[in-house]
Amino acid sequence: VDAVPEESNLVTRLMVASYAERAGSPATVIRLLDGHLPIDGFQHEHARLAAAHAREHPHRARNLAYFEKLPVRLLQIDEIARAHASVLLDVGRVPEATVLLKRLHTNDPTDTYVALRLVEALERSRDSIGVRSIVDGLDLSKLSGPPAYRMSLIRVAASGGGIERNISEDY
(Lines give C-alpha, C1' and ligand atoms only; values in the text may rest on other atoms or scores of the structure.)
Protein backbone atom coordinates (compact mmCIF):
# COMPACT_ATOMS: atom_id res chain seq x y z
CA VAL A 1 0.00 0.00 0.00
CA ASP A 2 2.89 2.34 0.62
CA ALA A 3 3.66 1.95 -3.09
CA VAL A 4 0.34 3.66 -3.89
CA PRO A 5 0.94 7.37 -3.42
CA GLU A 6 -1.87 9.68 -2.30
CA GLU A 7 -2.13 11.22 -5.77
CA SER A 8 -2.72 7.82 -7.44
CA ASN A 9 -5.67 7.60 -9.77
CA LEU A 10 -8.83 5.66 -8.95
CA VAL A 11 -8.06 2.77 -11.30
CA THR A 12 -4.80 2.03 -9.45
CA ARG A 13 -6.56 2.29 -6.09
CA LEU A 14 -9.34 -0.08 -7.19
CA MET A 15 -6.87 -2.64 -8.54
CA VAL A 16 -4.73 -2.70 -5.38
CA ALA A 17 -7.87 -2.67 -3.18
CA SER A 18 -9.12 -5.74 -5.04
CA TYR A 19 -5.92 -7.59 -4.13
CA ALA A 20 -6.14 -6.37 -0.54
CA GLU A 21 -9.75 -7.57 -0.32
CA ARG A 22 -8.78 -11.05 -1.53
CA ALA A 23 -5.87 -11.07 0.94
CA GLY A 24 -8.27 -10.30 3.80
CA SER A 25 -6.96 -6.85 4.65
CA PRO A 26 -9.94 -4.57 5.29
CA ALA A 27 -7.70 -1.82 6.70
CA THR A 28 -5.83 -1.67 3.38
CA VAL A 29 -9.07 -1.51 1.37
CA ILE A 30 -10.23 1.36 3.59
CA ARG A 31 -6.93 3.19 3.29
CA LEU A 32 -7.03 2.92 -0.50
CA LEU A 33 -10.67 3.77 -1.17
CA ASP A 34 -12.15 5.79 1.68
CA GLY A 35 -12.51 9.39 0.55
CA HIS A 36 -11.53 8.55 -3.03
CA LEU A 37 -14.71 7.03 -4.46
CA PRO A 38 -17.16 9.23 -6.34
CA ILE A 39 -20.70 8.94 -5.04
CA ASP A 40 -22.45 8.40 -8.36
CA GLY A 41 -21.83 5.30 -10.45
CA PHE A 42 -19.72 3.47 -7.87
CA GLN A 43 -22.34 1.63 -5.81
CA HIS A 44 -20.54 -1.72 -6.13
CA GLU A 45 -17.26 -0.20 -4.95
CA HIS A 46 -19.03 1.52 -2.06
CA ALA A 47 -20.55 -1.85 -1.08
CA ARG A 48 -17.04 -3.37 -1.04
CA LEU A 49 -15.74 -0.46 1.04
CA ALA A 50 -18.70 -0.74 3.42
CA ALA A 51 -17.95 -4.45 3.89
CA ALA A 52 -14.30 -3.60 4.65
CA HIS A 53 -15.46 -1.14 7.31
CA ALA A 54 -17.64 -3.87 8.84
CA ARG A 55 -14.78 -6.40 8.85
CA GLU A 56 -12.19 -4.08 10.37
CA HIS A 57 -11.68 -4.98 14.03
CA PRO A 58 -11.43 -3.42 16.43
CA HIS A 59 -13.78 -0.82 15.00
CA ARG A 60 -12.47 2.69 14.76
CA ALA A 61 -14.14 6.08 14.52
CA ARG A 62 -13.53 6.01 10.76
CA ASN A 63 -15.85 3.01 10.37
CA LEU A 64 -18.91 4.91 11.60
CA ALA A 65 -17.75 8.15 9.94
CA TYR A 66 -17.80 6.43 6.54
CA PHE A 67 -21.47 5.54 6.87
CA GLU A 68 -22.41 8.89 8.39
CA LYS A 69 -21.14 10.77 5.35
CA LEU A 70 -22.87 8.56 2.76
CA PRO A 71 -26.01 9.89 1.11
CA VAL A 72 -29.27 8.16 2.00
CA ARG A 73 -29.61 6.61 -1.48
CA LEU A 74 -26.40 4.63 -0.89
CA LEU A 75 -27.33 3.72 2.68
CA GLN A 76 -30.53 2.17 1.29
CA ILE A 77 -28.57 -0.39 -0.76
CA ASP A 78 -28.93 -3.69 1.10
CA GLU A 79 -25.24 -4.62 1.00
CA ILE A 80 -24.25 -1.25 2.42
CA ALA A 81 -27.07 -1.28 4.99
CA ARG A 82 -25.96 -4.79 6.06
CA ALA A 83 -22.42 -3.58 6.74
CA HIS A 84 -23.70 -0.42 8.44
CA ALA A 85 -25.97 -2.43 10.73
CA SER A 86 -23.08 -4.71 11.63
CA VAL A 87 -20.85 -1.79 12.61
CA LEU A 88 -23.67 -0.17 14.60
CA LEU A 89 -24.31 -3.41 16.48
CA ASP A 90 -20.61 -3.97 17.14
CA VAL A 91 -20.16 -0.51 18.65
CA GLY A 92 -23.25 -0.81 20.85
CA ARG A 93 -25.73 1.29 18.91
CA VAL A 94 -28.25 -1.52 19.18
CA PRO A 95 -31.52 0.36 18.52
CA GLU A 96 -30.21 1.82 15.24
CA ALA A 97 -28.79 -1.55 14.19
CA THR A 98 -32.09 -3.27 15.01
CA VAL A 99 -34.06 -0.94 12.73
CA LEU A 100 -31.71 -1.65 9.81
CA LEU A 101 -31.58 -5.39 10.48
CA LYS A 102 -35.38 -5.66 10.62
CA ARG A 103 -35.64 -3.92 7.24
CA LEU A 104 -32.97 -6.17 5.76
CA HIS A 105 -34.61 -9.29 7.19
CA THR A 106 -37.95 -8.23 5.71
CA ASN A 107 -36.29 -7.67 2.33
CA ASP A 108 -34.55 -11.07 2.40
CA PRO A 109 -35.65 -13.52 5.10
CA THR A 110 -33.22 -16.12 3.71
CA ASP A 111 -30.07 -14.13 4.61
CA THR A 112 -28.61 -16.14 7.49
CA TYR A 113 -26.09 -13.47 8.49
CA VAL A 114 -28.80 -10.83 8.82
CA ALA A 115 -31.02 -13.23 10.78
CA LEU A 116 -28.17 -13.99 13.20
CA ARG A 117 -27.28 -10.33 13.70
CA LEU A 118 -30.97 -9.48 14.19
CA VAL A 119 -31.32 -12.22 16.80
CA GLU A 120 -28.18 -10.86 18.50
CA ALA A 121 -29.59 -7.31 18.49
CA LEU A 122 -32.91 -8.49 19.92
CA GLU A 123 -31.16 -10.56 22.59
CA ARG A 124 -29.03 -7.56 23.57
CA SER A 125 -32.27 -5.54 23.80
CA ARG A 126 -33.72 -8.31 26.01
CA ASP A 127 -36.54 -8.80 23.49
CA SER A 128 -37.12 -12.54 23.89
CA ILE A 129 -40.50 -12.33 22.13
CA GLY A 130 -38.82 -10.69 19.13
CA VAL A 131 -36.13 -13.39 19.08
CA ARG A 132 -38.77 -16.12 19.20
CA SER A 133 -40.75 -14.45 16.42
CA ILE A 134 -37.70 -14.26 14.13
CA VAL A 135 -36.54 -17.82 14.86
CA ASP A 136 -40.02 -19.34 14.56
CA GLY A 137 -40.53 -17.55 11.24
CA LEU A 138 -37.37 -18.93 9.64
CA ASP A 139 -37.57 -21.60 6.98
CA LEU A 140 -34.20 -23.25 7.54
CA SER A 141 -34.44 -25.17 4.29
CA LYS A 142 -34.31 -21.88 2.35
CA LEU A 143 -31.64 -20.00 4.28
CA SER A 144 -28.56 -18.82 2.39
CA GLY A 145 -25.15 -18.55 3.95
CA PRO A 146 -22.43 -20.69 5.47
CA PRO A 147 -23.42 -23.87 7.34
CA ALA A 148 -21.92 -22.45 10.54
CA TYR A 149 -24.48 -19.64 10.47
CA ARG A 150 -27.32 -22.10 9.95
CA MET A 151 -26.12 -24.21 12.86
CA SER A 152 -25.97 -21.10 15.05
CA LEU A 153 -29.60 -20.41 14.23
CA ILE A 154 -30.46 -24.02 15.08
CA ARG A 155 -28.83 -23.51 18.48
CA VAL A 156 -31.06 -20.50 19.08
CA ALA A 157 -34.12 -22.45 17.91
CA ALA A 158 -33.18 -25.40 20.12
CA SER A 159 -33.04 -23.16 23.15
CA GLY A 160 -36.74 -22.47 22.59
CA GLY A 161 -37.79 -26.07 22.10
CA GLY A 162 -37.93 -26.13 18.29
CA ILE A 163 -35.03 -28.51 17.85
CA GLU A 164 -36.83 -31.38 16.07
CA ARG A 165 -38.11 -29.21 13.21
CA ASN A 166 -34.78 -27.49 12.78
CA ILE A 167 -32.45 -30.47 12.88
CA SER A 168 -34.49 -32.48 10.42
CA GLU A 169 -34.70 -29.53 8.02
CA ASP A 170 -31.06 -28.61 8.30
CA TYR A 171 -29.66 -32.09 7.81
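This is a short dialogue on reading a pocket, a core and a helix.

Q: What kind of model is this?
A: This is a predicted model, where local features need pLDDT of at least 70, side-chain atom pairs count only at pLDDT 80 or more, and totals for chains, interfaces and linings use all residues. Residues are numbered from 1 along each chain as its sequence is written, and side-chain values use heavy atoms, with hydrogens and water left out.

Q: Which residues of α2 are buried?
A: Buried means under 20% relative accessible area (1.4 Å probe, protein chains only). Helices are DSSP runs of H or I, at least four residues, numbered from the N terminus. Helix α2 spans residues 26–33, and six of its eight residues are buried. They are Pro26, Thr28, Val29, Ile30, Leu32 and Leu33.

Q: What covers the buried residues of α2?
A: Look for contacts, meaning heavy atoms within 4.5 Å. The cover includes α1 (10–22), α3 and α4 (61–68). Glycine 35 follows α2, with a positive phi near 85 degrees.

Q: Which members of the largest nonpolar core touch the most others?
A: In soluble globular proteins, nonpolar side chains tend to be buried together. A nonpolar core joins buried Ala, Val, Leu, Ile, Met, Phe, Trp, Tyr and Cys residues through side-chain atoms within 4.5 Å. Here the largest has 49 residues, and Leu33, Phe67, Ile80, Leu101 and Leu153 touch the most other members. Leucine 101 touches residues including Ala85, Leu89 and Val114, not counting residues up to four places away in sequence.

Notes. Buried < 20%, exposed > 50% of the residue type's maximum accessible area, 1.4 Å probe, protein only. Helix = DSSP H or I, 4+ residues; strand = E, 2+ residues; numbered from the N terminus.
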